[in-house]
Each structure stands twice: as structure tokens, then as C-alpha cells.
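Please read the following walk through a protein model with the structure open beside the text. The order is strands and hairpins, then charged pairs, then sheets, then internal space.

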Amino acid sequence: MKKLLTISFLFIWVLSSFGQKEANIWYFGDEAGIDFNVDPPIALDNGVLSSVEGCASISNSNGNILFYTDGQEVYNRNHQLMSNGGGLLGDNSSTSSAIIVPFKGVANKYYLFTTDGVAGPDGLRYSIVDMNLDNGLGAITNEKNILLHTPVSEKLTATRSIIDGNYWILSHKWDSNEFIAYKIDDNGLNLNPVISGAGVQVGPTITNSAIGVIKFSAYGDQVAMVNSYEPEVVQLFDFDSQTGLVSNPKTILNTTNGNEQENVHPYGVEFSPNGKFLYVSVSFDGLYQFDISLNSETAISNSAIKLKDFSSLLGTLQLAPNNKIYLTRVKYSLDVINQPNEAGILANFESNVINLGNNTAKLGLPTFMQTFFLKDLIIENTCLGDVTQFILENNFDSVIWNFDDPNSGNNTATGENPTHVFSAPGTYQVTYQGTIGNQVQNFTKDVLISETPIAYPVSNLAECPNQEGEALFDTSNIMSQIINNQQNVVVDFFDENGNLLNVPLSNPLPSTTQTITARISNVNNNECFNETTFDLIVYNFPDTNLEEIYSICNGESVEISIPENFDSYNWSTGNTSNSITLNEPGIYTVTLIKQFELGVCEKIYTLELRTSEIATIKNIETIDWSEENNSLIIHVEGSGDYIYSLDNINYQSNNSFHSLPYKKEYKVYVKDKNGCGIASEDVSLLYYPKFFTPNNDGFNDRWNIYNFKSQRVKRIVIYDRYGKIIYNITLPNRGWDGNYNGKRMPSNDYWFSVELHSGKTYKGNFTLKR
């Protein structure tokens with residue numbers, strides 16, 4: 001027990017060398033993302049990556065995304081393809097298609113390692129990303145797609161030594177049981193790998209044997225490897241971070257033999273933060289926990305606890321900055337192990353904890369260098385001139401610090417939470433010695449101190465408004481004014497509501513009047529920034545009170561006046577005053593000029609003068625002969641804008657009136673909307689009685705057309721049932737008395753034909769009753 005405690009203390013001390021916020025932003029799946037800079041973490045919807053399996057992300061020490069990749073394309077912090085970022089030879093359907101590892105001792109440069117899918121010929125390769133390029137957005141250098149080994153399986157992981165700070169990149173050969181480990185030290189990447197033969201042979205029976213995750217523990221002392229197909233095993237190994245050797249294989253899960261479910265395959269693996277437990281995802285089976293602190297292969301294997309049954313395809317597992325482990329499946333959310341340092345159900349597995357919105361998780365989560373999740377040393381305030389704060393989260397009996405800054409005049413300190421003001425920008429190898437009892441351990445941490453750039457003032461911009469009240473601003477000189485030849489800086493722009501604008505600003509930039517904030521940051525540390533503001537001013541062009549259309553009655557005139565708020569008035573008539581009298585219809589323009597503090601605005605207004613007059617009613621079209629469904633359609637001539645009525649009260653713009661009941665007289669009114677007068681005319685609707693009774697009682701003694709007016713009706717002819725003409729009616733006041741040649745006609749049905757002056761003819765029948 002004493003030996004185990006000593007090892008634990010060693011691990012705790014070493015954590016201090018790592019742990020910032022490099023793994024705080026994840027992009028994965030189909031445009032899915034998570035931000036771990038807040039608690040609880042939130043989903044992001046601004047990513048553009050689409051990957052079936054592998055992917056990788058990297059943020060700066062403050063948790064701001066730098067770039068991310070699916071192993072084929074690299075996207076910068078603006079979610080655009082990084083300069084020279086296309087055409088990588090990884091495969092987004094490779095289990096671990098990419099991993100990003102910093103240069104040792106060199107700021108802003110990263111190795112990007114990629115693996116091909118299913119042991120493809122492109123194998124294991126690396127490219128270099130230099131964040132100093134492309135105005136701080138980064139670019140892949142000419143050192144791109146450099147082959148390290150081919151073929152390899154889809155297995156890729158990385159760690160940093162807890163002893164000397166060197167990095168190790170670990171992969172696995174295809175058709176072999178050999179691991180290949182590449183070291184990155186102060187001299188860069190060593191192209192000669194350390195080769196270890198240990199564990200099962202990967203391949204070559206089927207290419208799917210290449211599938212499965214490989215993962216370092218957070219401490220870097222152990223490696224877990226999943227082989228998803230033939231053999232379907234999970235193995236645990238020891239790793240020596242001084243030599244790069246992999247050894248002591250233990251098979252802790254084997255689903256190869258005696259399993260009737262053909263789809264059951266292990267895929268993802270992850271260590272608990274304290275290194276005590278190992279978690280494995282097995283598709284169409286479940287999520288397992290193993291206690292790897294036990295001494296033997298058998299004991300570890302027998303410690304398996306199934307935390308959750310699954311009858312679906314399971315993806316990878318990934319430790320997060322909040323010390324939780326996330327599981328991905330093909331869906332719109334992620335599952336989580338809330339307490340991965342606890343045994344069994346106390347690990348607290350939950351499904352569907354992070355909702356990804358409309359974006360989809362697939363089989364992969366970002367692959368990280370696992371030592372990113374060791375966080376025991378916190379460093380705050382790393383801008384030149386700041387009081388830099390060092391915070392140790394572990395308790396020591398005593399701590400002695402050396403800040404590697406003799407020019408400061410105060411280069412050492414004691415205690416767990418010292419402060420220091422660095423004398424100049426640069427990278428300092430801060431060392432501290434921690435003591436517990438009689439045990440002493442030395443640690444080193446590279447601390448980058450960055451200059452805060454100057455935000456040089458920007459001249460205000462002023463423009464004349466367009467019809468919508470906006471203006472187009474020339475922004476071509478703004479970036480150079482702010483930067484003023486400073487190097488290694490990044491500029492961001494924010495509108496008056498704090499929304500991030502495009503960088504560089506759109507040119508021309510459409511905008512209303514507002515204040516723009518420009519933030520200039522050190523490319524190495526965006527917490528080191530300065531801000532300046534400048535105004536976009538859209539001149540407030542005075543109101544003209546002009547209308548687009550004016551109307552006058554024939555023979556009249558109109559006076560149009562513009563407020564005396566302008567410096568000049570130029571009418572198309574030659575008039576130069578603010579007032580003009582017009583009496584002729586036509587199109588007129590006026591050019592208005594206004595002098596402002598920063599310039600002159602000119603605006604042209606167009607107006608139309610229309611003449612109007614009282615309407616001339618040319619014809620009233622009637623559709624009658626019914627009791628309840630008659631119509632009037634009024635046809636007029638004139639230059640006015642007319643509305644129509646049947647009562648001189650309720651007017652309409654439509655010249656048709658429908659569903660009118662029969663009555664003897666209607667009067668139509670046509671009004672000019674511009675007040676030039678009302679025209680009216682009487683109109684009657686024709687109707688005929690269905691019967692008459694010529695018995696000389698004074699009621700219905702004659703048959704005639706109702707509203708018979710000679711200006712409409714030319715004549716009426718009455719027939720008997722055989723078509724014989726019985727009577728002609730040509731005058732309004734006459735009608736048929738029921739006699740023919742002096743003889744009374746018998747009770748019967750008779751027919752009629754009405755001929756109108758318009759040429760129309762109406763026919764019908766009626767009954768004579770005696």
C-alpha cells in the first residue's frame with residue numbers, strides 16, 4: 001500500500017506540467033460540436049466538419065478553438081478551410097483519423113498526424129500547422145502528408161511524458177503485432193520509431209481488423225487497444241515514456257469465440273481520470289467497466305460490470321475537460337458517464353445528456369492527447385505586465401519556485417499560489433519543487449508571456465444614406481490603421497450589439513449609424529488584447545415631406561414646398577427655390593444638397609403630377625330580369641381616379657355591383673377621389689310579371705315590362721302558343737289588355753320577345769288568367 005501511495009503522489013505532482021484548455025472545444029459527427037468552457041457544457045452549431053468516425057480539435061490555452069479536422073480537411077477558427085488545409089491523406093471513416101500534438105518548446109506550431117482507413121496505402125503521415133500564418137488563422141506548411149509508415153491499422157493516440165515532457169505518438173502496424181512509437185522532443189519529430197512486439201496480431205484476414213480505438217491513460221503509463229474484428233479483443237499494456245516501449249499485454253475482453261451475435265464488436269475505450277477503471281463500448285451488447293487496478297489479467301477480466309445494455313451500434317468514448325466520459329452513438333445527443341472514477345452503478349451512466357440540436361453524432365469523438373486532461377497547475381494572467389498567478393490544486397508541505405526570469409529582480413518564490421510579473425515577452429521554463437514528507441520532486445512548465453498589442457485609433461467613416469436609410473462604407477483601410485505594422489496579431493470586429501463581424505470587414509460594408517469595436521489580440525494568446533472604437537455615421541438627411549404622386553383637377557395648380565433644411569434646391573423645371581407651383585401633368589425631379597460636418601450629400605427625388613376630372617358615365621351595363629340577383633356595371637371615361645356608389649355614402653373602387661334586388665329605380669354615383677366632382681345617373685332594371693288578370697278590377701289588368709323606358713326598349717312582341725303574333729308594344733305606357741282583334745283571348749300561357757336598342761333580345765312567357 002505504501003508503494004502505491006508513493007506512485008500516486010508522483011502522478012499528482014506530474015499533473016502540474018500539463019492541463020490548460022486545449023481540449024475544451026469539440027467538433028465531430030455531422031456538424032456537431034460542444035463547448036466545455038461553460039458548465040454544464042453546451043452544444044455548438046457553427047461547425048462544418050462531417051465525419052463518420054475519426055476527427056480532432058485543438059484550442060488555445062484559453063479554450064478558444066484554433067482548428068479542427070476529419071483527417072482530410074482542416075478548418076480554421078472561422079470555420080473555413082485552412083490555407084493549404086485540403087487534401088490530407090487521412091480518412092474520415094478511420095477510427096482515429098487524426099490527432100494534433102504541439103511542438104515541444106515552440107509556440108503556435110502543431111504536428112497533425114493522420115491514418116488511412118482499413119489499412120489503406122496512405123498509412124500514417126504527418127503535416128505541420130503553423131498558426132503564425134494567414135494573419136493568425138493558421139496554415140499547413142509545405143511539410144505536408146509526410147509518410148511515416150504504411151500500412152497501419154486505424155489506431156492512433158498520443159501522450160506526454162510525465163518525466164521529461166517529451167511527446168509520444170503511438171500507432172500499430174498492419175498484419176503485425178508491432179506497435180510503432182514516434183518521439184517528439186526539443187529537436188522535433190524523430191522519424192525513427194520505437195518498435196514493440198506485444199499483444200495480438202492486427203490483420204490481415206479481413207480489412208475490418210484495422211478498426212478499433214487505441215488510447216493512452218491520462219498519466220501515459222498504460223495503453224488500451226481495441227481490435228474490433230478477428231480477433232475481437234480488448235487488451236491492456238504498459239507503456240514506458242522514457243523508452244517508448246509497449247509491453248505486458250493483458251487480454252481483458254474477448255468476444256471472438258462462442259458469440260452467436262455476429263454484430264457484437266468492441267469499438268471504443270477510455271480510462272477513468274484516476275486511471276483505476278477502463279470503459280469499453282461493445283456494439284449490440286453494452287457499455288462495460290473494468291477495474292484495471294487489479295493485479296492479474298484474470299482479475300481484471302472478471303471485474304467487468306455492464307453499466308448499460310445496448311442493442312444498437314456504439315461509437316467511441318472520450319474523456320472530457322469536466323472529468324466525465326462521453327459516449328457517442330448515431331443520434332442527436334451524447335451519453336455520459338458522470339462519475340467515471342467510481343465503481344459500478346456509482347459511475348452514474350446517463351443517456352441523451354447533451355442535446356446536439358439539428359446536428360448528428362456519428363461513431364467518433366475528437367481524438368486528443370490524453371495529458372490535456374491533467375489540470376493540477378492553473379496559470380492565469382499571461383500578458384506582459386500582468387501579475388501572473390500560479391495555482392497548485394494539490395497540497396504540498398512546501399513548494400519552491402523558479403520563474404526563469406532573472407531580469408525581473410524577483411525570480412523565486414515559495415508557497416502553492418505565487419505570483420510573478422515577467423520582465424519581457426517570451427517562453428519561460430518555470431520550475432517548481434514540491435515536497436511531501438521526505439519526498440521531493442521537480443517539475444517544469446513552459447509559460448508563454450505575450451505582449452498586448454496596441455489598438456491604434458481608426459478614423460470615423462461617414463456616408464450619405466440610400467433610400468433604406470443605410471449607407472455603404474469603404475473599409476479597405478481599417479485593418480491597416482488598427483494594426484499599424486504590428487506582427488503576430490489577430491483583429492476581431494464587433495457591432496454595437498456585441499455580435500462578431502467578418503474579418504476583414506466586408507467592403508463595402510452596408511450599415512446604419514453605429515459604433516464598431518475593434519479588438520486586436522496577440523496571436524499566441526487572445527486574452528492579451530486591446531480595443532478601440534470607431535463610428536459608422538449615416539448622415540441624417542432631413543425629411544422632405546415630398547409625396548411620390550400629386551393630383552389636381554383640370555385647370556387647377558398645386559404648390560409643393562420643401563422645408564428650408566437644405567443648402568440648395570434644383571428642380572427639373574429650372575426652379576431653385578424650396579417651393580414650386582405646378583399645373584401641367586408630368587414627371588418632375590428635384591435635387592437636394594445638404595452640407596454635413598464630414599461631407600456633402602446629394603439626393604434626387606422624383607414626383608409625378610397627375611390631373612384629375614369629374615367622370616363621364618358612358619354606359620351602365622345591366623344584368624337584370626331577376627328578383628334578387630341583378631347586376632350593374634358602370635363604364636366611365638375621364639383622367640380621374642374614381643370610386644363608385646349606389647347611395648352616395650358607401651363607395652367602392654370596383655365599378656360592378658352584384659346580387660342586387662329588383663326595384664324600379666337605381667341611381668349610380670361616380671366620385672373623383674381627388675375631389676374634382678361626382679357624376680350620377682338614374683338606371684332602371686327590367687322585370688316582367690309572371691301573370692296578369694284582365695277583369696277590369698283595376699289590378700293587373702294589363703301585361704307590360706316593368707321599368708319600360710323607350711331609351712332602353714325598342715319594342716315588345718307577344719305570341720300565342722303557336723307562334724302567332726298577338727300584340728306589339730312600342731310605347732312605355734301601353735300594355736296588352738288580353739284582347740286580339742277586339743276579342744278576349746282565353747286563359748293560357750303566352751310568350752314574349754323584348755328587343756332592346758342595344759341589340760339584345762330577351763324572351764320569356766307569362767300566364768293570362770280570367
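Strands here are DSSP runs of E of at least two residues, numbered from the N terminus, and two strands count as paired if DSSP finds at least two bridges between them. The model is a predicted one, and local features are reported where pLDDT is at least 70.

With those terms in place, start at the hairpin of strand 22 and strand 23, which has 2 residues between its strands. Within this hairpin Phe284 takes a positive phi near 55 degrees. Strand 22 covers residues 277–283 and strand 23 covers 286–291. The pairing between strand 22 and strand 23 is antiparallel and runs over 6 bridges. One point of register is given by Tyr279, whose bridge partner in strand 23 is Gln289.

Strand 23 also pairs with strand 24, again in the antiparallel sense, over 4 bridges. Here the register can be read from Gly286, which has Asp309 of strand 24 as its bridge partner. How many of the residues of strand 23 are buried? The count is 6 of the 6, so strand 23 is largely enclosed by the rest of the structure. Buried in this sense means under 20% relative accessible area.

The same stretch of chain carries charged pairs. Side chains of opposite charge can pair when their charged atoms come close. Lys306 forms a salt bridge with Asp285, with 2.7 Å between the closest N and O atoms. Lys306 belongs to strand 24 (residues 305–309), while Asp285 sits in the loop between strand 22 and strand 23, so this pair ties together parts that are 21 residues apart in sequence. The two partners fall into separate accessibility classes: Lys306 is partly exposed at 34% relative accessible area, and Asp285 counts as buried at 18%.

Lys306 takes part in a second salt bridge, this one with Asp309, where the closest N and O atoms are 2.8 Å apart. Asp309 is exposed, with a relative accessible area of 54%. Asp309 is thus met twice in this region, as the bridge partner of Gly286 and as a salt-bridge partner of Lys306.

Further along the chain, the side chains of Lys673 and Asp641 meet in a salt bridge at 3.6 Å, N to O. Lys673 lies in the loop between strand 52 (666–672) and strand 53 (678–683), and Asp641 in the loop between strand 49 (630–637) and strand 50 (642–645), so the pair ties together parts that are 32 residues apart in sequence. Asp641 counts as partly exposed, at 40% relative accessibility. Back at the earlier site, salt bridges with shared partners join Asp285, Lys306 and Asp309 into one network. A search of the whole structure finds 16 salt bridges.

Two open sheets come next. One has 4 strands in the order 25-26-27-28, with antiparallel pairing. Strand 25 (317–319) and strand 28 (349–355) stand at its edges with a single partner strand each, so one side of each has no neighbour in the sheet. The twist from one strand to the next averages 35 degrees in this sheet. Strand 25 is joined to strand 26 (residues 325–328) by 3 bridges, and the two run antiparallel. Within that pair, Leu317 stands opposite Leu327 of strand 26.

The other open sheet has 3 strands in the order 4-5-6, also with antiparallel pairing. Its edge strands are strand 4 (56–59) and strand 6 (74–76), each of which pairs on one side only. The twist here averages 15 degrees from one strand to the next. Strand 5 (residues 65–69) pairs with strand 6 in the antiparallel sense over 3 bridges. In this pairing Phe67 stands opposite Asn76 in strand 6.

The last topic is internal space. How many cavities of 30 Å³ or more are there? The count comes to 1, and about 80 Å³ of space lies in the largest cavity. The lining of the largest cavity consists of 13 residues, of which Ser96, Val213, Thr316, Leu365 and Thr367 lie nearest its centre. By class, that lining has 4 nonpolar, 7 polar and 2 charged residues.

Key: Residues numbered from 1 in each chain as written. Heavy atoms only, no water. 1 Å grid on protein atoms, 1.4 Å probe; cavity = no way out; pocket = protein on both sides within 12 Å on 5 of 7 lines; lining within 4 Å. Points joined across faces, edges and corners; volume = space filled by probe spheres on them. Nonpolar A, V, L, I, M, F, W, Y, C, P; charged D, E, K, R; others polar. Axes fitted to C-alpha atoms, helices over the stretch in contact; angles between N-to-C directions. Salt bridge = Lys/Arg side-chain N within 4 Å of Asp/Glu carboxyl O. Buried < 20%, exposed > 50% of the residue type's maximum accessible area, 1.4 Å probe, protein only.
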